[in-house]
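Please look through the sequence and the structure shown below, and keep both in view while reading the report that follows.

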Amino acid sequence: MNNKQTAAITAVGAYVPDNILSNNDLEQMVETTDAWIRSRTGISERRILNEEGQGTSYMAIRAAEDLLRRGNLNPKDIDCLLVCTTTPDMSVAATAAYVATKIGATNAFGYDLQAACSGFLYGMSTAAAYVASGRYKKVLLIGADKMSSIVNYEDRTTCIIFGDGAGAVLFEPNEEGFGLQDEYFRVDGTGREHLRIEAGGSMLPTSAETIAAKQHYIKQEGKTVFKFAVSNMAEAAEQIMKRNHLSHEDIQYLVPHQANKRIIDATASRMGVSDEKVLTNIEHYGNTTAATLPLLLSDFEHLFKKGDNLIFAAFGGGFTWGATWLKWAYQSSKH
Ligand code: UT7
């Protein structure tokens with residue numbers, strides 16, 4: 001990436017629902033224990049959107065509004081709005097279009113991006129490319145998922161993991177070389193055997209049979225997904241470090257997808273990055289799919305200094321995975 005003009009994150013925002021689903025609550029719903037969930041995943045609680053008739057856009061709008069407030073921005077200045085999500089409000093009618101209209105981004109175009117848990121990581125690439133090329137100046141990138149809408153709360157292997165939430169970042173041009181530096185992305189389509197929603201798409205449309213067979217819920221072979229996630233997320237992060245000659249000392253923070261604390265720890269250990277550099281909030285939100293990375297940026301924005309090297313890493317359904325190197329571009333006002 002040798003463009004003179006880089007694309008940097010200049011503002012962040014987030015929203016999580018107030019309603020908490022704790023491990024103790026889940027103990028009443030499926031055969032599990034708080035101790036098992038904590039030790040196998042690092043999760044204590046997750047947020048669930050239970051507003052009647054509301055979908056992912058409800059959270060995406062609030063995350064975008066939080067960003068506009070924190071960044072003191074006018075929504076009319078936004079050129080493009082992207083919503084990364086696996087749980088759009090509807091399969092036809094981009095959630096991004098609705099969010100743009102609701103926040104008053106009247107001069108923006110927008111669309112949705114779907115790459116499961118890697119959605120936001122890949123979206124960073126799209127947003128940054130739009131900006132670095134000079135094509136657009138302000139691109140609002142949102143990661144939002146209402147995972148509770150596709151989780152079977154009778155399946156203990158998935159219902160303990162996922163939660164709902166949304167986060168947003170703004171990409172703008174940067175003349176000092178800060179922002180997105182490099183990325184390493186991969187896919188493996190055989191992965192859909194191990195992590196998927198079987199019905200409701202074009203291969204197996206919705207029918208009375210698919211509903212009866214519970215084929216509209218997310219299903220995964222946890223162990224297989226876990227193995228792929230550990231090796232591929234760590235490998236991608238290692239590749240980014242190697243080809244940019246970055247040592248663990250050069251890295252201020254690892255921003256990892258929050259799927260399982262053990263996957264995060266394995267990635268950090270392979271990178272040689274010490275615990276205090278690893279950002280986590282999985283304990284309180286669980287796996288919010290496309291929202292995990294921007295939720296981390298929002299929660300830990302106060303720590304970041306101008307010039308800090310952040311390594312993002314994610315792995316998800318598809319399979320999709322990768323790692324991105326980004327130089328933080330501003331000093332948070334909380335310093
Ligand atoms: O974001 C990307 C997508 N998802 C992921 O990255 C998730 C990756 N996978 C995982 O995080 C883990 O595989 C899980 C958390 C889903 C499961 O943890 P695990 O350590 O891989 O457990 P396991 O599937 O190997 O199961 C071990 C035992 C089994 O019992 P037996 O056969 O040994 O008697 C399971 O039936 O734990 C049992 N088990 C549970 N026990 C209590 C599975 N789920 C639960 C549960 N509570 N919720």
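## An enclosed helix

In this predicted model, helix α11, which spans residues 292-300, has 8 of its 9 residues buried, so the helix is largely enclosed by the rest of the structure. The buried residues of α11 are T292, L293, P294, L295, L296, L297, S298 and F300, where a residue counts as buried if its relative accessible area is under 20%.

## The five-stranded sheet

One open sheet is formed by 5 strands, which follow the order β1-β7-β6-β4-β5 and pair in a mixed fashion. Its edge strands are β1 (6-15) and β5, each of which pairs on one side only, and from one strand to the next the twist averages 20°. At the β1 edge, the pairing with strand β7 (residues 164-174) is antiparallel and runs over 9 bridges; within this pairing, A14 has G167 of β7 as its bridge partner.

Two helices can be followed across this sheet. Helix α3 (residues 56-70) lies across β1, β6 and β7, and its direction is at about 115° to β1, while α4 lies across β4, β5 and β6 and runs at about 130° to β4.

## Strand β4 and its neighbours

Is strand β4 (residues 80-84) largely enclosed by the rest of the structure or left open? Of its 5 residues, 5 are buried, so β4 is largely enclosed by the rest of the structure. This covering applies to both faces of the strand, since C80, L82 and C84 are buried on one side and L81 and V83 are buried on the other.

On one flank, β4 pairs with strand β5 (residues 109-113) in the parallel sense over 5 bridges, and here V83 stands opposite D112, while L82 stands opposite Y111. The chain passes from β4 to β5 by way of helix α4 (residues 95-103), and this β-α-β crossover is right-handed. β4 also pairs with strand β6 (residues 139-146), again in the parallel sense and over 5 bridges, with L140 of β6 as the bridge partner of L81.

## The four-stranded sheet

Another open sheet consists of 4 strands in the order β8-β13-β12-β11, and its pairing is mixed. The strands β8 (179-187) and β11 (253-256) stand at the edges with a single partner strand each, so one side of each is left without a neighbour in the sheet. Neighbouring strands in this sheet are turned against each other by 15° on average, when direction is ignored.

At one of these edges, β11 pairs with strand β12 (residues 309-316) in the parallel sense over 4 bridges, and L254 stands opposite I311 of β12. Helix α5 (residues 119-132) lies across β8, β12 and β13 (320-327), running at about 130° to β8, whereas α8 packs on the sheet by touching β8, β11, β12 and β13, with a direction that makes about 140° with that of β8.

## Two helices in contact

Helix α8 (residues 222-243) also meets helix α9 (residues 261-271): their axes come within 9 Å and cross at roughly 30°, and the crossing is right-handed. On the α8 side, the contact is made by F226, A229, V230, S231, M233, A234, E235, A237, E238 and M241, and on the α9 side by R262, I263, A266, T267, R270 and M271. Sorted by class, the residues of this contact are 10 nonpolar, 2 polar and 4 charged.

Technical notes:
Residues numbered from 1 in each chain as written. Predicted model: local features only at pLDDT ≥ 70, side-chain atom pairs only at ≥ 80, totals over all residues. Heavy atoms only, no water. Axes fitted to C-alpha atoms, helices over the stretch in contact; angles between N-to-C directions. Left-handed = near helix turned anticlockwise from the far one by under 90°. Contact = heavy atoms within 4.5 Å. Nonpolar A, V, L, I, M, F, W, Y, C, P; charged D, E, K, R; others polar. Buried < 20%, exposed > 50% of the residue type's maximum accessible area, 1.4 Å probe, protein only. Pairing = 2+ DSSP bridges. Right-handed = clockwise from strand over helix to strand, strands pointing away.
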